[in-house]
Amino acid sequence: MTTTIVINKQGYAVKDLHVFGETVSISPERTVMIVACQVNGMTTAAVVYQADGTFMGIAQSSNTLMQQLETESGYFRRRQVQTMQRLLPKTLDPDAKSLPWVKGQDAFMPITCYTDGPTTWVNTAFLTAIETQGFQTRLVMEGAPDIVTSKGRNKFIKQLTAIKIMSLWMCQDLYCRGSQLERAILPMISWPDNVPINVDQAALQASRDLTCLTTLGERLKLPVDEETTLADLQRRARLNISQRDMKTF
């Protein structure tokens, strides 16, 4: 097995792979990473690496496989992660166009060279180190090849810190608990001093309301008066979150 996978400027890894599977199961427990690839001239392809050391090429995009995980798990990035992101300090607010998939202590982190380009996903549970390699960054993976990309190390640290915070807050919200063990989901990242350990439930509910309202606004064509009401409710929800931020930070 190749020990290093290099992501090029177009966001792909170039691989020579002759065996393709029709389907593959993506799981937070078994899947180490999903690599966006150009395989034998195909740009809509991915290679999935599993924790048992096996890997398989699939004639689907990496993002399609992640959407499959969302559908099968019933846990959607926009509905859950975007709701949590609004509670983060602005210094840790990740790019909204590349949302991670986070559910409690499980998380897949997107890696992109360009915002709208193909995406390689790594399971944070199998990420053991982030190293600087000249002008590139090496992600050291357990049981799979390392990933080398032009994305800067500091951006990965910022991304992982946000994931760590959301992971703990989700554990509190989903399971009504949050322990020191859960704070060590990503032990290589320090907990920021300006971020509360316990999620603000009132602010979280306000963010949920805003997510629901925004989704409704996109799906429904509302009469003018209802559109005005919707916009007003969105502003109120944002104000609630903003006021909470000023008190906390």
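Helices are DSSP runs of at least four residues, numbered from the N terminus, and in this predicted model one such run, helix H5, covers residues 201-219 and includes Thr211.

**View 1. The surroundings of Thr211 in helix H5.** Thr211 has a relative accessibility of 6% and therefore counts as buried, since buried means under 20%. The side chain of Thr211 is joined to the side chain of Thr83 by a polar contact of 2.9 Å. When residues up to four places away in sequence are set aside, Thr211 touches Arg78, Arg79, Thr83 and Arg86, so that Thr83 appears both in this list of contacts and in the polar contact just described.

**View 2. Helices H2 and H3 where they cross.** Two packed helices are described by the angle between their axes and the distance between the axes. Helix H2 spans residues 77-85, and its axis comes within 10 Å of the axis of H3, with a crossing angle of roughly 110°. The two helices are therefore roughly perpendicular to each other, and H2 passes H3 in a right-handed crossing. On the H2 side the contact is made by Gln80, Val81, Met84 and Gln85, while H3 contributes Met166, Trp169, Met170 and Asp173.

**View 3. Lys151 in the loop between strand S12 and helix H3.** Strand S12 covers residues 146-149 and helix H3 covers residues 153-175, with Lys151 placed in the loop between them. Is this lysine, Lys151, buried or exposed? Lys151 counts as buried, because its relative accessibility is 15%. Leaving aside neighbours within four places in sequence, Lys151 is in contact with Pro110, Thr112, Thr137, Phe156 and Gln159.

**View 4. Gln50 in strand S5 and its contacts.** Strand S5 runs over residues 42-50, and Gln50 is found in this strand. With a relative accessibility of 13%, Gln50 counts as buried. Which residues does Gln50 touch, when those up to four places away in sequence are not counted? They are Val24, Ser25, Arg30, Thr31, Val32 and Gly143. Gly143 lies 93 residues from Gln50 in sequence, yet the two are 8.1 Å apart in space, C-alpha to C-alpha.

**View 5. Ala59 in the loop between strand S6 and helix H1.** Ala59 is placed between strand S6, which covers residues 55-58, and helix H1, which covers residues 62-73. Ala59 has a relative accessible area of 47% and is partly exposed. Not counting residues up to four places away in sequence, Ala59 touches Phe20, Met42 and Thr44. Along the chain, Ala59 and Gly21 are 38 residues apart, and their C-alpha atoms are separated by 7.9 Å.

**View 6. Cys37 and Cys171, with a summary of the whole chain.** Cys37 is buried, with a relative accessible area of 0%, and Cys171 likewise counts as buried at 0% relative accessibility. A disulfide is a covalent bond between the sulfur atoms of two cysteines, and how many disulfides does the structure hold? The structure holds 0 disulfides. Taken as a whole, the protein chain has a secondary structure of 6 helices and 12 strands, and 46% of its 249 residues count as buried. Among the contacts in the protein chain with a separation of 6 or more, 59% are accounted for by residues 24 or more positions apart.

Terms used:
Residues numbered from 1 in each chain as written. Predicted model: local features only at pLDDT ≥ 70, side-chain atom pairs only at ≥ 80, totals over all residues. Heavy atoms only, no water. Buried < 20%, exposed > 50% of the residue type's maximum accessible area, 1.4 Å probe, protein only. Polar contact = N/O pair within 3.5 Å; in protein donor to acceptor, adjacent residues only side chain to side chain. Contact = heavy atoms within 4.5 Å. Disulfide = S-S within 2.5 Å. Axes fitted to C-alpha atoms, helices over the stretch in contact; angles between N-to-C directions. Parallel < 35°, antiparallel > 145°, perpendicular 65-115°, else oblique. Left-handed = near helix turned anticlockwise from the far one by under 90°.
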